[in-house]
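Subject: Structure handover and notes

Hello,

Here is the structure we discussed, with the notes on what was found in it below. Please read them with the model open.

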Amino acid sequence: MSVRYSIWLMPAKNDQAYLQNVIQDLSLEYNAPVFLPHCTLYSPTDMARSELEKILKYVANGASPLSVTANRLNITSNIWKTFFIELEKSNELSKLQQKLMCQMRSPKEYDFMPHISLIYKEMSTERKKEIIEKLFLKNSYKMDKISVVETGSDVMNWKNIIEIKFNA
């Protein structure tokens with residue numbers, strides 16, 4: 001079976017720590033896996049790591065750190081969007097994602113719905129609504145790097161394998 005990768009937009013150091021604390025607290029409280037905070041730009045791909053690294057360098061070159069704005073907290077029945085921060089699809093964010101998509105070899109259709117997941121866990125809608133009611137988060141987050149992450153169905157085995165900071 002081929003290795004599957006996801007391409008993530010990652011928060012800057014302070015926002016990374018802030019979001020990581022939220023994810024860890026929720027993971028402890030609800031017995032869910034811990035993962036790095038991120039906004040998925042594209043997933044999945046089985047392109048070679050060397051090819052993906054070239055693409056990331058191209059996308060990061062000339063890119064400036066960007067601020068993403070939270071629209072609201074949201075829930076779905078999809079485990080990968082159990083409970084998340086829905087992000088505004090700004091021009092800057094859309095352009096970055098499009099720059100990436102233009103570099104992907106034969107990209108599959110990808111419905112880019114920018115968000116930062118806070119928990120991956122099967123749970124009732126009522127439980128998710130309870131979490132929303134008691135959680136208050138910042139309205140914006142600085143994102144300053146792009147990563148390739150080895151992903152799959154087991155969150156505990158995800159590995160960040162390439163990370164490139166924006167260099168504008």
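Thr 45 belongs to strand E2, which covers residues 39–45. Please keep in mind that this is a predicted model. With a relative accessibility of 6%, Thr 45 falls under the 20% limit and therefore counts as buried. Beyond its neighbours within four places in sequence, Thr 45 is in contact with Val 3, Arg 4, Tyr 5, Leu 52 and Met 104. A polar atom of the Thr 45 side chain lies 3.2 Å from the backbone nitrogen of Met 47. The C-alpha atoms of Thr 45 and Val 148 are 9.8 Å apart, although 103 residues separate the two in sequence.

Strand E2 also comes up in the largest pocket, where E2 gives the most to the lining, with four residues. Strand E1 (4–11), E2 and strand E5 (115–119) each supply at least two residues of that lining. The volume of the largest pocket is about 440 Å³. Its lining comprises 21 residues, and those nearest the centre are Ser 6, Thr 40, Ser 43, Trp 80 and Tyr 110. By type, the lining residues of the largest pocket divide into eight nonpolar, 10 polar and three charged.

Next, the aromatic residues. The whole structure holds seven aromatic pairs. One of them joins Trp 80 and Tyr 120, edge-to-face, with 5.0 Å from centre to centre and 75° between the planes. This pair links distant parts of the chain, 40 residues apart: Trp 80 sits in the loop between strand E3 (66–75) and strand E4 (83–87), while Tyr 120 sits in the loop between E5 and helix H4 (125–134). How do the two partners stand in accessibility, buried or partly exposed? Trp 80 has a relative accessibility of 34% and so counts as partly exposed, whereas Tyr 120, with a relative accessible area of 6%, is buried. Trp 80 and Tyr 120 also belong to one aromatic cluster together with Trp 8, Phe 35 and Trp 158. Trp 80 is also among the residues nearest the centre of the largest pocket.

Several members of that cluster turn up again around His 38. His 38 is located in the loop between helix H1 (13–30) and E2. Its relative accessible area is 3%, so His 38 is buried. Not counting residues within four places in sequence, the contacts of His 38 are Trp 8, Leu 9, Met 10, His 115, Ile 116, Ser 117, Tyr 120 and Trp 158. The side chain of His 38 also reaches the backbone oxygen of Leu 36, at 2.7 Å.

Leu 36 appears once more in the surroundings of Gln 20, a residue of helix H1. Leaving out residues up to four places away in sequence, Gln 20 touches Val 34, Phe 35, Leu 36 and Pro 37. Phe 35 is one of the residues of the aromatic cluster described above. Gln 20 has a relative accessible area of 13%, which means that Gln 20 is buried. From C-alpha to C-alpha, Gln 20 and Leu 118 are 8.8 Å apart in space, with their places 98 residues apart in sequence.

Best regards

Definitions and conventions
Residues are numbered from 1 along each chain as its sequence is written. This is a predicted model: local features need pLDDT of at least 70, side-chain atom pairs count only at pLDDT 80 or more; totals for chains, interfaces and linings use all residues. Side-chain values use heavy atoms; hydrogens and water are left out. Buried means under 20% relative accessible area, exposed over 50%, partly exposed in between (1.4 Å probe, protein chains only). Contact means heavy atoms within 4.5 Å. A polar contact is a pair of N or O atoms within 3.5 Å; within protein, one must be able to donate a hydrogen and the other to accept it, and residues adjacent in sequence count only if both atoms are side-chain atoms. On a 1 Å grid over the protein atoms alone, a cavity is a set of points where a 1.4 Å probe fits but cannot get out, and a pocket is an open set with protein on both sides within 12 Å along at least five of seven lines; lining residues have an atom within 4 Å of a point. Grid points are joined across faces, edges and corners, and a volume is the space filled by probe spheres set on the points. Ala, Val, Leu, Ile, Met, Phe, Trp, Tyr, Cys and Pro count as nonpolar, Asp, Glu, Lys and Arg as charged, and the others, Gly among them, as polar. Rings of Phe, Tyr and Trp (its six-membered ring) pair if their centres lie within 6.5 Å; planes under 30 degrees apart count as stacked, over 60 as edge-to-face and the rest as tilted.
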